[in-house]
Amino acid sequence: MELIVITHPEMLPGEAGIINQLFQSGLARLHLRKPDVPKEVVQDLLENITPAFRNRIALHQHHELADAFGITGLHFTERARLDVAPETWSALKSRAYTLSTSLHDPAQLETLSHDFDYAFLGPVFDSISKVGYAAKLPSDFKLNPFTFPNKVIALGGMDAENLGLASQMGFAGAALLGAIWQNPEQAVTRFAHLKSLQVERPFVDRLHFISNETPDMSHIDSIRLALEAGCRWIQLRVKHRPEAEVLPIAWEATRLCDAYGARLIINDFPRVALAVQAYGLHLGLTDMPVPEARALVGNKIVVGGTANSWEDIELRIREGADYIGLGPFRFTSTKENLSPILGVEGYAALMQKMADAGFSKPIIAIGGVTPADIPIIRSTGIYGVAMSAALTGATDPAETFYEIQQALC
Ligand SMILES: Cc1ncc(COP(=O)(O)OP(=O)(O)O)c(N)n1
Ligand SMILES: Cc1ncsc1CCOP(=O)(O)O
Ligand SMILES: [Mg+2]
């Protein structure tokens with residue numbers, strides 16, 4: 001489903017900044033709809049939108065501003081469309097504008113000019129922001145693809161829980177308003193979350209083994225121990241060594257993981273993850289930002305990010321991390337410079353906030369986790385656990401792995 005954002009009808013504080021961030025997060029189309037806002041104020045808003053993004057805008061009012069700002073999208077409300085002579089559409093198309101309009105009755109799609117590149121149809125569901133703007137289409141509605149050849153976009157009450165239903169109804173996209181602007185401070189995070197629901201989610205294991213080295217165990221020894229015990233998600237976490245020294249260890253870890261059919265995740269070093277074509281890359285709060293790493297490693301490599309607070313979780317969701325390593329659960333000597341300990345209470349509070357915000361993302365608990373902690377950690381809604389010492393220090397790692405698996409399923 002294509003996601004289109006319609007602006008809040010009134011001017012919001014810092015709106016140009018939020019719009020620029022929405023574009024940076026991958027928004028491909030913004031409908032600038034400010035029915036009662038004077039032209040000069042809209043002009044001022046446009047001046048503060050990064051020029052490179054302006055061609056992703058469709059104007060609902062003040063169409064005369066389009067050319068000066070390099071805007072190619074013109075939207076016509078139902079009333080405006082009916083007031084205009086039909087030959088207008090082909091004239092505008094010949095000037096390379098992208099045209100859109102709004103409809104409230106699917107029957108009108110049959111007579112709609114094919115010069116419109118897409119049409120909003122709604123309200124499909126009860127509006128989130130407009131009181132009394134109730135669903136007009138039945139819940140078993142199906143678009144007839146032969147009535148209008150171009151895209152039909154669902155409008156009205158569109159949010160995470162009904163995007164799938166709108167897609168089944170035959171809509172090519174969704175126009176988001178209330179879902180984004182109910183809380184403007186959350187607009188970018190909300191958009192990133194809705195966008196992440198559109199892409200197929202990569203597999204993330206519930207048990208992450210974190211490699212370690214001690215005077216009597218190398219990283220590769222620790223990885224072999226974990227693989228023989230049964231682990232199939234291995235994170236190579238080499239600290240205090242330059243990239244050039246990590247790369248050969250990563251190659252050896254790749255060969256070993258391949259032999260056991262396990263997925264290898266590289267901690268801290270995006271270029272190493274790219275070189276060995278690892279399954280994943282894990283980045284902390286002081287490592288390379290997720291979007292920068294994503295640009296470097298491409299879309300095939302899973303990218304996970306660390307979080308220690310609600311602000312970090314929001315950042316990881318905005319950045320589009322595939323999973324979040326949340327910790328530390330308790331003190332551990334495996335990692336230096338630990339962030340504040342979260343404990344079960346910390347996890348419970350953060351997972352409640354996730355549920356309240358409607359966010360879903362695999363969250364991995366890390367830091368001093370033992371098999372006995374798993375039931376209580378999982379009871380908070382946590383997806384999985386990352387462990388190092390609990391496996392490398394186990395008397396019988398295979399028995400410990402079995403205990404972990406039992407607790408995770
Ligand atoms: C699954 C998982 N979660 C968190 C971390 C910690 O990463 P980071 O904060 O970058 O710390 P270092 O591991 O690099 O010391 C992780 N490695 N894995
Ligand atoms: C990498 C990392 N990040 C937070 S705690 C930690 C170490 C996890 O190892 P252990 O399971 O031995 O505490
Ligand atoms: Mg790191």
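## A first look at the chain

How much of the protein chain do buried residues make up? In this predicted model, buried residues account for 41% of the 409 residues in the protein chain. Taken along the principal axes, the C-alpha atoms fill a box of roughly 85 × 45 × 40 Å.

The secondary structure of the protein chain comes to 16 helices and 16 strands. If you look at contacts in the chain with a separation of 6 or more, 59% of them join residues 24 or more positions apart.

## Two annotated spans

UniProt, in an unreviewed entry, lists residues 6-180 and 208-390 under "domain: Thiamine phosphate synthase/TenI". Let's take these spans in turn. Residues 6-180 are 24% helix and 18% strand, with end C-alpha atoms 9 Å apart.

Residues 208-390 are 41% helix and 19% strand, and here the end C-alpha atoms lie 12 Å apart.

## The barrel

Now for a feature you can trace by eye. Eight strands form a closed barrel with parallel pairing, in the order E9-E10-E11-E12-E13-E14-E15-E16. From one strand to the next, the twist averages 25 degrees. As background, strands of a sheet pair through backbone hydrogen bonds, either parallel or antiparallel.

To follow one pairing of the barrel, find strand E9 at residues 207-210 and strand E16 at residues 384-387; the two pair in the parallel sense over three bridges. Phe209 stands opposite Met387 in E16. A helix is worth finding too: H12, residues 310-319, lies across strand E13 (302-307) and strand E14 (323-326). Helix H12 runs at about 165 degrees to E13.

## Around ligand 1

Which residues come nearest to ligand 1? Of the 18 residues around this ligand, they are Gly284, Thr306, Gly325, Ile366 and Ala386. The barrel strands turn up again here: E9, E13 and strand E15 (363-366) each supply at least two residues of the shell around ligand 1.

By class, that shell has five nonpolar, nine polar and four charged residues.

## Around ligand 2

Ligand 2 has 15 residues around it. Those that come nearest are Thr332, Thr334, Gly367, Ser388 and Ala389.

Sorted by class, the shell around ligand 2 has seven nonpolar, six polar and two charged residues.

Key. Residues numbered from 1 in each chain as written. Chains lettered and ligands numbered in written order. Predicted model: local features only at pLDDT ≥ 70, side-chain atom pairs only at ≥ 80, totals over all residues. Pairing = 2+ DSSP bridges. Helix = DSSP H or I, 4+ residues; strand = E, 2+ residues; numbered from the N terminus. Axes fitted to C-alpha atoms, helices over the stretch in contact; angles between N-to-C directions. Contact = placed C-beta atoms within 7 Å. Near = placed C-beta within 6 Å. Nonpolar A, V, L, I, M, F, W, Y, C, P; charged D, E, K, R; others polar. Buried ≥ 20, exposed ≤ 12 C-beta atoms within 10 Å, placed from the backbone. UniProt positions renumbered as here; feature names shortened; annotations may be inferred.
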